[in-house]
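Here are some worked exercises to go through with the model open on your screen. Try each task before reading its solution.

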Amino acid sequence: MSSRNTGGDGGSSPALSAGAAQGKLVRDLIPEIIRRDGGEPRTYVADDEEYVRRLKDKLQEELAEFLVAERVSAQVEELADVLEVVHALARHLGFTPAELDVVRVQKALGRGAFQQRIVWTGNV
């Protein structure tokens, strides 16, 4: 894969500065947004192995953010971020988000979903 290094890290943003030393996977338009805001982001394109590792890290990050979000609007935003990462992982595995949803529906039909709020505590 080609890499691209575009200068400064845009580290003035608190959200970006925490992971700036080692880098973090960001949404595709983030470098453009940093430039528009007067920054000069330093970026490169991850190879397949690093991309999957960083997607997994991002999934954990977004899940952690969801778990601490208190407002419903913030929870929905974080769930959307989780879903975006899940879709990226599915695409990396060769599946479209629609194909992933087919698998989800098949599992729901065969094993149920989580709508009835059933909690299993073991067998008698």
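The protein has five helices and zero strands. Keep in mind that this is a predicted model.

**Exercise 1. Get your bearings: work out the order of the elements, the share of buried residues and the make-up of the exposed surface.**

Step 1. Start at the N terminus and the elements run α-α-α-α-α.

Step 2. Now look at burial: of the 124 residues in the protein, 20% are buried.

Step 3. On the outside, about 10,000 Å² is exposed, and carbon and sulfur atoms supply 56% of that.

Step 4. Finally, check the contacts between residues with a separation of 6 or more: 62% of them involve residues 24 or more positions apart.

**Exercise 2. Take helix α4 and compare its span with the expected one, then find its buried residues and what covers them.**

Step 1. Helix α4 covers residues 72-92, which is 21 residues.

Step 2. From first C-alpha to last, α4 reaches 30 Å, close to the 30 Å expected at 1.5 Å a residue.

Step 3. The buried residues of α4 are Ala74, Glu78, Asp81, Val82, Val85, His87, Ala88, Leu89 and Ala90.

Step 4. The cover over those buried residues of α4 includes α3 and α5.

Step 5. Past the end of the helix, α4 is followed by glycine 94, which has a positive phi near 95 degrees.

**Exercise 3. Arginine 54 carries a charge-bearing side chain in helix α3. Is arginine 54 buried or exposed, and what does arginine 54 touch?**

Step 1. Arginine 54 has a relative accessibility of 13%. The cut-off for buried is under 20%, so arginine 54 counts as buried.

Step 2. Leave out residues up to four places away in sequence, and arginine 54 touches Gln22, Gly23, Lys24, Leu25 and Tyr44.

Step 3. One of these partners gives a short polar distance: a polar side-chain atom of arginine 54 lies 3.0 Å from the backbone oxygen of glutamine 22.

**Exercise 4. Trace the salt bridges that involve glutamate 61, and say which residues end up in one network.**

Step 1. A reminder before you start: side chains of opposite charge can pair when their charged atoms come close.

Step 2. Across the whole model, the count comes to six salt bridges.

Step 3. Lysine 24 and glutamate 61 form one of them, at 3.5 Å from N to O. Lysine 24 sits in the loop between α1 (14-17) and α2 (30-36) while glutamate 61 is in helix α3, so this pair ties together parts that are 37 residues apart in sequence.

Step 4. How covered are the two ends? Lysine 24, at 29% relative accessibility, is partly exposed, and glutamate 61, at 25%, is partly exposed too.

Step 5. Glutamate 61 also forms a salt bridge with lysine 58, with the closest N and O atoms 3.5 Å apart. These two are three residues apart in helix α3, so about one helical turn separates them.

Step 6. Put the pairs together: salt bridges with shared partners join Lys24, Lys58 and Glu61 into one network.

Step 7. Lysine 58 itself is buried, at 11% relative accessible area. Beyond its neighbours within four places in sequence, lysine 58 is in contact with Lys24, Leu25 and Val85.

**Exercise 5. Where in the chain do aspartate 81 and arginine 27 lie, and how are the two joined?**

Step 1. Aspartate 81 and arginine 27 form a salt bridge whose closest N and O atoms are 2.8 Å apart.

Step 2. Aspartate 81 is in helix α4 and arginine 27 in the loop between α1 and α2, so the pair links distant parts of the chain, 54 residues apart.

Step 3. Aspartate 81 is buried at 18% relative accessible area, whereas arginine 27 is partly exposed at 47%.

**Exercise 6. Look at the surface around leucine 63 and name the nonpolar patch there.**

Step 1. Leucine 63 lies in helix α3, residues 48-68.

Step 2. With a relative accessible area of 41%, leucine 63 is partly exposed.

Step 3. The patch is made of Leu63, Leu67 and Val68, which together have about 310 Å² of accessible area.

Step 4. For a distance check, go from leucine 63 to glutamine 75: they are 12 residues apart in sequence and 9.9 Å apart in space, C-alpha to C-alpha.

How values were computed:
Residues are numbered from 1 along each chain as its sequence is written. This is a predicted model: local features need pLDDT of at least 70, side-chain atom pairs count only at pLDDT 80 or more; totals for chains, interfaces and linings use all residues. Side-chain values use heavy atoms; hydrogens and water are left out. Helices (H or I, at least four residues) and strands (E, at least two) are DSSP runs, numbered from the N terminus. Buried means under 20% relative accessible area, exposed over 50%, partly exposed in between (1.4 Å probe, protein chains only). Contact means heavy atoms within 4.5 Å. Accessible areas come from the Shrake-Rupley method with a 1.4 Å probe; for residues, only the protein chains shown count as cover. Patches are made of residues with over 30% relative accessible area and no salt bridge: like charges are joined within 9 Å, nonpolar side chains (Val, Leu, Ile, Met, Phe, Trp, Tyr) within 5 Å. A salt bridge is a side-chain nitrogen of Lys or Arg within 4 Å of a carboxyl oxygen of Asp or Glu. A polar contact is a pair of N or O atoms within 3.5 Å; within protein, one must be able to donate a hydrogen and the other to accept it, and residues adjacent in sequence count only if both atoms are side-chain atoms. The expected span of a helix is 1.5 Å times one less than its number of residues.
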